[in-house]
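Subject: Structure handover

Hi,

Here is the structure I promised to pass on, with my notes on it below. Please have a look at it before you read on.

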Amino acid sequence: MKLYRIFVALMIIFTFGISDVDLDKLPSYSTTFDKRVNPHISLSKALDKVKKTNKNILLFVGGNWCKWCGTFDNFLDDHPKIAEAFYGSFEVVRVYYGNGTNKDGQSFLKQLPPLKGTPHFYILNKKAKLLSSVSSAYLERGYGYNKKR
């Protein structure tokens with residue numbers, strides 16, 4: 001039931017938008033999967049930021065190798081209002097997952113429930129408490145993403 005409520009909230013946010021975020025000024029931890037980046041440091045920076053904004057954090061786990069991660073990025077590029085709502089509603093932190101994940105990334109991911117494929121989303125509150133673990137499969141439709149979800 002909790003998962004359903006989160007998705008209903010996401011649907012409302014994505015449909016109506018609540019942000020005027022400048023997509024060109026997002027921090028690199030929000031826009032880039034990089035296996036060299038320490039996700040502990042990225043999360044720390046995001047936590048500092050959400051203390052001022054009252055947003056939740058969305059960990060976007062995947063990689064440049066991940067077809068569905070690229071499809072999600074293309075979806076956001078094709079739907080700027082949804083991209084604004086996505087980045088405006090959450091402090092997004094991309095976490096690299098895959099071959100070559102460094103020790104920092106491995107220890108970071110071990111603290112979270114297991115992935116059910118990529119991309120995978122974890123929603124954390126401003127104290128880094130896990131609120132939800134969500135597979136992107138719920139948002140997928142055919143070979144893309146469902147705008148209504």
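Let me start with a pair of helices: the axes of helix 4 (residues 67–78) and helix 5 approach to within 5 Å and cross at roughly 115°. Axes here are lines fitted to C-alpha atoms, for helices over the stretch in contact, and angles run from 0 to 180 degrees between N-to-C directions. That crossing makes helix 4 roughly perpendicular to helix 5, given that angles under 35 degrees count as roughly parallel, over 145 as roughly antiparallel, 65 to 115 as roughly perpendicular and the rest as oblique. On the helix 4 side, Phe72, Phe75, Leu76, Asp77 and Asp78 meet Pro80, Ile82, Ala83, Phe86 and Tyr87 of helix 5, where contact means heavy atoms within 4.5 Å. The residues of this contact divide into 8 nonpolar, no polar and 2 charged. For that split, Ala, Val, Leu, Ile, Met, Phe, Trp, Tyr, Cys and Pro are nonpolar, Asp, Glu, Lys and Arg are charged, and the others, Gly among them, are polar.

A word on conventions: this is a predicted model, in which local features need pLDDT of at least 70 and side-chain atom pairs count only at pLDDT 80 or more, while totals for chains, interfaces and linings use all residues. Residues are numbered from 1 along each chain as its sequence is written, and side-chain values use heavy atoms, with hydrogens and water left out. Helices (H or I, at least four residues) and strands (E, at least two) are DSSP runs, numbered from the N terminus.

Now the sheet. It is open, with 4 strands in the order 2-1-3-4 and mixed pairing; two strands pair if DSSP finds at least two bridges between them. Strand 2 (90–96) and strand 4 (130–135) are at the edges with a single partner strand each, so one side of each has no neighbour in the sheet. From one strand to the next, the twist averages 20°.

Strand 1 runs parallel to strand 2, joined by 7 bridges, and antiparallel to strand 3, joined by 5 bridges. Isoleucine 57 is opposite glutamate 91 in strand 2, and leucine 58 is opposite isoleucine 123 in strand 3. Strand 3 (residues 120–124) also pairs with strand 4, in the antiparallel sense over 5 bridges, with serine 135 in strand 4 as the bridge partner of histidine 120.

How much of strand 1 is buried? The strand is mostly covered, with 6 of its 7 residues buried, meaning under 20% relative accessible area, against over 50% for exposed and partly exposed in between (1.4 Å probe, protein chains only). Isoleucine 123 is buried too, at 4% relative accessibility. Its C-alpha lies 8.9 Å from that of phenylalanine 60, although the two are 63 residues apart in sequence.

Helix 3 lies across strand 1 (56–62), strand 2 and strand 3, running at about 180° to strand 2. Helix 5 (residues 80–89) packs on the sheet as well, touching strand 1, strand 2 and strand 3, and its direction makes about 90° with that of strand 2.

Finally, the cysteines: cysteine 66 is buried at 5% relative accessibility, and cysteine 69 is buried at 1%. The count of disulfides (a pair of cysteine sulfur atoms within 2.5 Å) comes to 0.

Best wishes
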